[in-house]
Each structure stands twice: as structure tokens, then as C-alpha cells.
Amino acid sequence: MATPVGAAFSLLLKQGSSISCCLKLTKSTASRATRKQLTAPTEPTTLTSLVSTGCFSLFLPRQTMNPDIECYWNMRFERCAEALSANNFAVYRADTPEAARGIILHEIMPGIEVHSASWGDSLTMRATGIIEAIRENQAIELIETFIPGQPREAVMENRRRALLCDLFFTGTSALTECGKLVNLDMVGNRTAAITFGPHHVVICVGRNKLVPNVGAAMERIKNYAAPINAIRHSGIKTPCVKTGRCFDCKSPDRICNSWTITEKSWPKHRIRVILINQDLGL
């Protein structure tokens with residue numbers, strides 16, 4: 001029987017892109033035969049089987065699209081961009097995470113005053129490499145909120161400080177076609193910062209986060225993004241880690257605690273949304 005990770009990979013294969021996949025060994029128990037199998041091009045069905053064994057992590061390199069799929073996503077993004085703009089969000093379009101980083105560095109940041117910056121965890125945002133770029137800027141204080149080995153009390157204090165920074169980077173759990181951001185957090189530092197605190201917020205969004213409405217957004221988050229997020233964090237013991245589905249659990253490890261629906265940006269353009277035409281994050 002496939003693991004939740006294997007099931008998630010099967011879903012990725014159905015998202016429409018021509019995906020070039022590679023696998024990285026994560027368990028020393030993988031057999032020599034299996035290791036050898038990775039040296040040659042691997043069919044999607046074989047990859048699904050390998051991921052389902054639990055011996056591998058999945059990495060998705062840069063994707064390619066056929067013209068028809070590209071046209072489809074361009075149309076959907078155009079409608080979404082119009083809706084976001086009507087809701088007072090500043091909207092930018094990028095084809096790649098690297099292009100999104102360029103927009104931040106060369107279009108957004110020169111127009112605002114930034115002395116301090118921080119972020120809420122987001123795989124999409126991390127894919128842009130913007131945090132590494134900010135670390136290299138000695139003129140900006142980067143409030144680190146994810147330092148390995150740091151005591152929990154210090155982590156939480158830094159996350160409180162991050163709510164008063166000039167520029168906050170993150171992603172969104174889902175984005176509706178009518179231009180609303182839907183998010184679900186464990187601690188609430190990400191949802192809090194989107195709502196109030198930092199002077200400016202930049203949200204990076206992959207096309208896979210786009211959904212028809214708020215109901216579809218909540219369904220996507222509860223039964224897709226949240227279970228995978230729990231799976232990728234070692235030590236989380238919630239029902240969804242074993243089943244891949246939400247049980248509205250009462251586990252002390254529950255990661256689904258604070259919902260926010262951001263219908264409009266206030267003040268106007270405080271929140272900047274970068275739409276990236278790739279499948280990114282969860």
C-alpha cells in the first residue's frame with residue numbers, strides 16, 4: 001500500500017506539467033538494486049513505487065510546459081491578477097522562482113524603506129533564494145526565525161520581533177481566483193504578519209495554489225497541504241501523518257490552529273503578491 005508521500009507524488013504526476021524528477025536516498029536501508037535503479041532514466045510509475053517505499057525524498061527541478069498548458073495557466077493567472085489588483089494587492093508575475101527574486105530585489109525593494117526583514121516558513125518563498133540574498137545585505141537586519149538548535153523560547157521571541165519588521169516574506173496556503181489569500185498556521189506567526197505588523201509583506205505563490213473559491217482552498221489545505229507539511233516535519237504525531245487525510249484531531253502536535261482569509265490588502269499595496277508560473281511548495 002502506498003504511503004501518504006507516495007500518494008502525494010502520484011498527484012504531482014497528474015498536475016499537467018512535464019516534470020523531470022530525481023530522487024535522493026534518505027534511508028541507509030535502501031537496497032543496492034534500488035540504488036542501481038536510480039542511475040538510469042526512471043519512468044513515472046517506477047518513481048511512484050520508489051517514493052512509496054519511504055526510502056527516498058522527492059525533488060522537482062525546473063519544469064517545462066507545452067504551449068497549450070502554458071496558455072491555460074496564463075489565462076488563469078491573468079484573471080487572478082486582475083482580481084488581486086481589484087482587492088488592493090500589488091501584483092507581479094514571474095515565470096520562475098529566480099525571476100521572482102529579481103522582482104523583489106530590483107522592483108519592490110528599491111521603492112520602499114527596509115532596515116529590517118524576516119519571514120514565515122514557505123517552501124515557495126525559499127525556492128526564490130531571497131532570504132540568502134537578504135543575508136548578504138549588511139544594511140538590512142535579518143531577524144532569523146528558523147535557527148537549528150536554538151531554544152524554543154528564543155525562536156518564539158524572534159518570531160514576535162519579526163512582527164515589527166519592515167519587510168516580511170512568506171507564501172500562502174491557497175489563493176482563490178477571486179483574489180483572496182487563505183492560510184492555516186500552527187503557531188500563527190505567519191498569518192499574524194500577513195494581517196498586521198510588518199510595514200510591507202511579499203507573498204510568493206506557485207500556480208498549484210490557485211483554487212476556485214474559499215471552500216476549495218480550505219479543502220486543499222486540510223487534506224493536501226497540511227498532511228504533507230506534517231509528514232515532512234519529523235516528530236509530528238498526528239493522524240494525517242499516517243492517513244494523508246484531516247481528522248480535525250486533538251493531538252498536541254496539531255499544526256492546524258489559526259485560519260485567516262485575507263480578502264483585501266489594507267493599506268492598499270501593503271501586501272505584494274508574486275504569481276510564479278510553476279508548481280511550487282505544497
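Here are some friendly notes on the two sheets, one buried threonine and the cavity.

1. Before you dig in, please keep in mind that this is a predicted model, where local features need pLDDT of at least 70, side-chain atom pairs count only at pLDDT 80 or more, and totals for chains, interfaces and linings use all residues. Residues are numbered from 1 along each chain as its sequence is written, and side-chain values use heavy atoms, with hydrogens and water left out.

2. Let's start with the six-stranded sheet, which is open, has parallel pairing and follows the order S3-S12-S9-S6-S4-S5. Strands here are DSSP runs (E, at least two residues), as are helices (H or I, at least four), numbered from the N terminus; two strands pair if DSSP finds at least two bridges between them. Strand S3 (90–94) and strand S5 (141–142) are at the edges with a single partner strand each, so one side of each has no neighbour in the sheet. S5 is joined to strand S4 (residues 116–119) by two bridges, and Ala117 sits opposite Leu142 in S5.

3. Helix H4 (residues 67–86) lies across S3 and strand S12 (271–276), at about 160° to S3. Such angles run from 0 to 180 degrees between N-to-C directions, with axes fitted to C-alpha atoms, for helices over the stretch in contact; contact means heavy atoms within 4.5 Å.

4. Thr128, in helix H6 (residues 123–128), is worth a look. Its relative accessibility is 0%, so Thr128 counts as buried (under 20% relative accessible area, with a 1.4 Å probe and protein chains only). Beyond its neighbours within four places in sequence, Thr128 contacts Pro97, Ala100, Arg101, Cys204 and Ile276. Glu98 is 30 residues away in sequence, yet 5.4 Å away C-alpha to C-alpha.

5. The other open sheet has four strands in the order S10-S7-S8-S11, with mixed pairing. Strand S10 (210–211) and strand S11 (258–262) are its edge strands, each pairing on one side only. Strand S7 (residues 174–176) and strand S8 (residues 181–185) are antiparallel over two bridges, with Leu175 opposite Leu181 in S8. H10 packs on this sheet, touching S7, S8, S10 and S11, and its direction makes about 30° with that of S8.

6. Where does the most of the lining of the largest cavity come from? Helix H10 (214–232) gives the most, with four residues. Of the 17 lining residues, the closest to the centre are Cys240, Cys246, Cys249, Arg254 and Cys256. On a 1 Å grid over the protein atoms alone, a cavity is a set of points where a 1.4 Å probe fits but cannot get out, and lining residues have an atom within 4 Å of a point.

Conventions
Buried means under 20% relative accessible area, exposed over 50%, partly exposed in between (1.4 Å probe, protein chains only). On a 1 Å grid over the protein atoms alone, a cavity is a set of points where a 1.4 Å probe fits but cannot get out, and a pocket is an open set with protein on both sides within 12 Å along at least five of seven lines; lining residues have an atom within 4 Å of a point.
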